[in-house]
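Student: I should like to go through this model by asking what justifies each term applied to it. May we begin?

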Amino acid sequence: MASWHLELDGAAVLAGRPGDEGLTQQLLTPLWSKSRLWYVCFALSGAGALLFAFSIAYTVGGGIGLWGNNIPVAWAYAITNFVWWIGIGHAGTFISAFLLLLEQEWRASVNRIAEAMTLIAVAMAALFPVLHLGRPWFAYWLIPYPATTGVWPQFMSALPWDFAAILTYGTVSLLFWYLGLVPDLATARDHSPDRARRLIYGTLALGWRGSARHWQSYRIAYGLLAGIATPLVISVHSIVSMDFAITQLPGWHSTIFPPYFVAGALYSGFAMVLTLLLPLRRAFGLHNVITTKHLDSIGKMMLAMGWMVTYSYVVEIFIAWYSGDPFERYTYLYQRPLGPYAWVFWLMLGCNVLTPQLLWWRRARTSALALFGLAALIQVGMWTERFIIIVTSLSRDFLPSSWHLYAPTWVDWSLLLGSIGFFLFLFFLFLRYLPFIPIAELKRLAHDRSGVA
Amino acid sequence: MRPAPGASALMAEFGSAGELLTAARSLRDLGYVELEMFSPYPLPGAEEVLRLRRPRLPRVVLAAGIAGVALGFGVQWFTNARSYPLDVGGRPRLAVPAWIPITFEIGVLVAALATFFGVLIAMALPRYWHPVFEIDGFERGSSDRFWIGIGSSDPAFDAARSRTELERLNPLRIVATGAPQ
């Protein structure tokens with residue numbers, strides 16, 4: 001495999017002409033080899049996971065009075081974190097499903113990582129509303145089961161909508177991810193160095209043998225799931241945005257929310273994909289399968305999403321002025337840019353509107369370092385955006401006598417940091433134990449390009 | 001369902017996808033109908049060579065999606081309009097717009113579950129043992145080796161003649177598998 005060149009080549013999705021066995025060996029190496037770097041990452045993120053477990057136990061034990069939430073700001077960090085995580089969870093399915101339908105070749109090597117990111121992010125997101133219930137052991141009340149009281153969930157509320165959306169999204173993401181994994185699990189089974197791992201991967205691979213009939217059904221099912229998942233991605237954040245949009249609160253009651261939220265979700269999701277992908281590419285030397293073409297494409301997507309988000313900000317402010325509604329005008333024209341949370345608002349604008357403009361330059365889109373920095377800023381920006389939406393509108397609504405400012409407590413912070421730690425912890429486990437670059441799909445790509453009919 | 005070729009079959013191993021497809025075409029032209037190919041990744045053109053029928057999965061998924069929509073809508077109607085009518089903000093009993101999100105989500109959920117379990121049924125998986133796994137070195141079939149098998153129940157099959165015909169295709173080797181006990 002001496003011909004694998006690592007230099008930057010503009011258009012290639014797959015650099016060099018890797019042989020099939022060479023590709024298998026390269027992509028399975030992380031499963032068999034031990035690396036000190038991995039243990040360090042595992043330990044650090046494990047500490048974050050412990051912090052998360054502790055914060056959850058503390059919250060459940062003591063009640064959500066331990067958070068800074070109160071009336072009128074009853075949502076605050078929990079819902080900000082929820083919307084942020086579920087937004088991050090959008091890019092995975094978007095990359096896997098939507099770009100599959102558009103036959104974008106570059107998705108092939110990043111889709112598995114993005115899907116795993118989605119699954120884990122959705123799991124993080126789902127925890128926050130449940131914790132926010134205060135009595136999380138009653139979460140099952142959201143399910144319409146025949147209770148002796150004869151009472152059912154109230155389906156005209158946005159909260160059961162959320163529950164259905166997250167449940168469906170989590171399940172479909174899991175099925176899509178697992179179905180995509182099956183042929184690669186068979187490859188892992190066949191390359192396992194010992195019997196224990198052969199049994200584990202073999203069990204997970206379901207007895208896959210790569211027959212033409214299997215491949216035919218498999219590809220049809222994969223395409224079907226992609227077709228199902230694409231409208232689903234759009235629906236999930238639309239439904240999340242309805243938690244806000246169907247209320248009367250100034251700053252929330254707006255019809256632009258669903259597309260605005262979907263664009264923001266993909267924006268932060270692509271940023272998270274980059275945050276995970278770039279160090280990974282470096283650590284495992286994956287420059288031949290994650291090329292500058294990938295970085296360039298993701299950079300362009302982020303620029304496009306950044307402009308959609310910017311457009312939404314502008315339209316929101318314009319409509320607030322144009323509506324003539326004094327409360328809307330106060331929220332958008334005074335409270336957000338000049339009120340007590342003004343610095344968060346300007347931080348949001350700086351991160352979400354200014355930073356992506358660097359992506360106009362090809363140099364920025366192809367530099368791993370620049371992209372990593374940009375992605376981090378965009379994630380901060382998207383978190384602050386949700387904070388601004390939730391906290392400014394709640395803290396000052398119609399009646400000045402009910403105004404109250406919000407400040408987070410240390411428990412709020414430790415839950416946010418802990419969820420990031422737990423997210424990374426699960427992600428590192430995924431990297432260690434599952435083939436994180438789709439092997440069969442990359443081989444098909446190499447095959448298609450070699451021109452053999 | 002007819003027995004999977006390979007249950008008792010003559011298998012030939014090739015080193016590349018191109019050779020496998022060429023071999024499959026020649027065998028098809030020789031009149032074999034019970035052929036099966038094994039490859040580490042999906043081969044474009046395999047379906048035409050083996051003349052596989054298009055699976056019915058898409059129609060099953062459509063039906064499941066429609067059933068899911070009916071289920072999602074039905075549960076909301078039954079619970080909030082029939083069993084325990086709720087007046088929320090003066091909305092009519094049949095609050096269709098407010099039920100659309102969940103109706104859509106449950107439709108998607110049921111369709112996705114049908115796709116996943118439907119394809120497992122179509123592929124007859126999980127199936128942890130198969131005669132081809134008895135072949136020494138079949139492991140490379142999931143990495144860089146390509147196999148074709150002629151089922152012994154094929155009307156054109158004849159152990160000696162088929163072996164010669166396979167040999168003419170220049171495989172790496174030929175293995176008989178799953179001989180009838």
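Student: What makes β1(B) and strand β4 (residues 173-177) of chain B a pair?
Tutor: Two strands pair if DSSP finds at least two bridges between them. Here 5 bridges join β1(B) to β4(B), and the two run antiparallel, so the criterion of at least two bridges is met. In β4(B), B:V175 is the bridge partner of B:M11. The model is a predicted one, in which local features need pLDDT of at least 70 and side-chain atom pairs count only at pLDDT 80 or more, while totals for chains, interfaces and linings use all residues. Residues are numbered from 1 along each chain as its sequence is written, and chains are lettered from A and ligands numbered from 1 in the order in which they are written.

Student: In what sense do β1(B) and strand β3 (residues 146-151) of chain B pair, and over how many bridges?
Tutor: β1(B) and β3(B) pair in the antiparallel sense over 6 bridges. B:M11 has B:G149 as its bridge partner in β3(B).

Student: Why is strand β1 (residues 9-14) of chain B called mostly covered?
Tutor: A residue is buried if 20 or more other C-beta atoms, placed from the backbone, lie within 10 Å of its own, exposed if 12 or fewer do, and partly exposed in between. In β1(B), 6 of its 6 residues are buried. B:A9, B:M11 and B:E13 point one way, B:L10, B:A12 and B:F14 point the other way, and all are buried.

Student: How many helices and strands are there in chain B, and what is a helix or a strand here?
Tutor: Helices (H or I, at least four residues) and strands (E, at least two) are DSSP runs numbered from the N terminus. Chain B has 5 helices and 4 strands, in the order β-α-β-α-α-α-β-α-β from the N terminus on.

Student: Why is chain B called more spread out than a compact globule?
Tutor: The radius of gyration is taken over C-alpha atoms, and the globule rule is 2.2 Å times the number of residues to the power 0.38. For 181 residues that rule gives 16 Å, whereas the radius of gyration of chain B is 25 Å, well over that value, so chain B is more spread out than a compact globule. Its C-alpha atoms fill a box of roughly 80 × 35 × 30 Å along the principal axes. The domain assignment, whose bounds come from an automatic or database source, gives domain 1 (9-54 + 130-177) and domain 2 (57-123) of chain B. The C-alpha centres of these two domains lie 45 Å apart.

Student: How many residues does the contact take from chain B and from chain A?
Tutor: Two residues are in contact if their C-beta atoms, placed from the backbone, lie within 7 Å. The contact takes 57 residues from chain B and 52 residues from chain A. On the side of chain B that touches chain A, α4(B) gives the largest share, 16 residues. By class, that side has 38 nonpolar, 12 polar and 7 charged residues; Ala, Val, Leu, Ile, Met, Phe, Trp, Tyr, Cys and Pro count as nonpolar, Asp, Glu, Lys and Arg as charged, and the others, Gly among them, as polar.

Student: How do you know that the reach of helix α2 (residues 36-62) of chain A is close to that expected?
Tutor: The expected span of a helix is 1.5 Å times one less than its number of residues. α2(A) has 27 residues, and its reach of 39 Å from first C-alpha to last is close to the expected 39 Å. Its buried residues include A:S45, A:A49 and A:F52, and the buried residues of α2(A) pack against α5 (107-132) and α15 (410-433) of chain A.

Student: Does A:R219 count as buried, partly exposed or exposed, and why?
Tutor: A:R219, in helix α8 (residues 212-245) of chain A, has 14 C-beta neighbours inside 10 Å and therefore counts as partly exposed.

Student: What makes phi of A:A76 and of B:R51 notable, and is each residue buried or exposed?
Tutor: Phi of A:A76 is near 45°, a positive value in a residue other than glycine. With 23 C-beta neighbours inside 10 Å, A:A76 counts as buried. Phi of B:R51 is near 50°, again positive in a residue other than glycine. B:R51 is in the loop between α2 and α3 of chain B, and with 9 C-beta neighbours inside 10 Å it counts as exposed.
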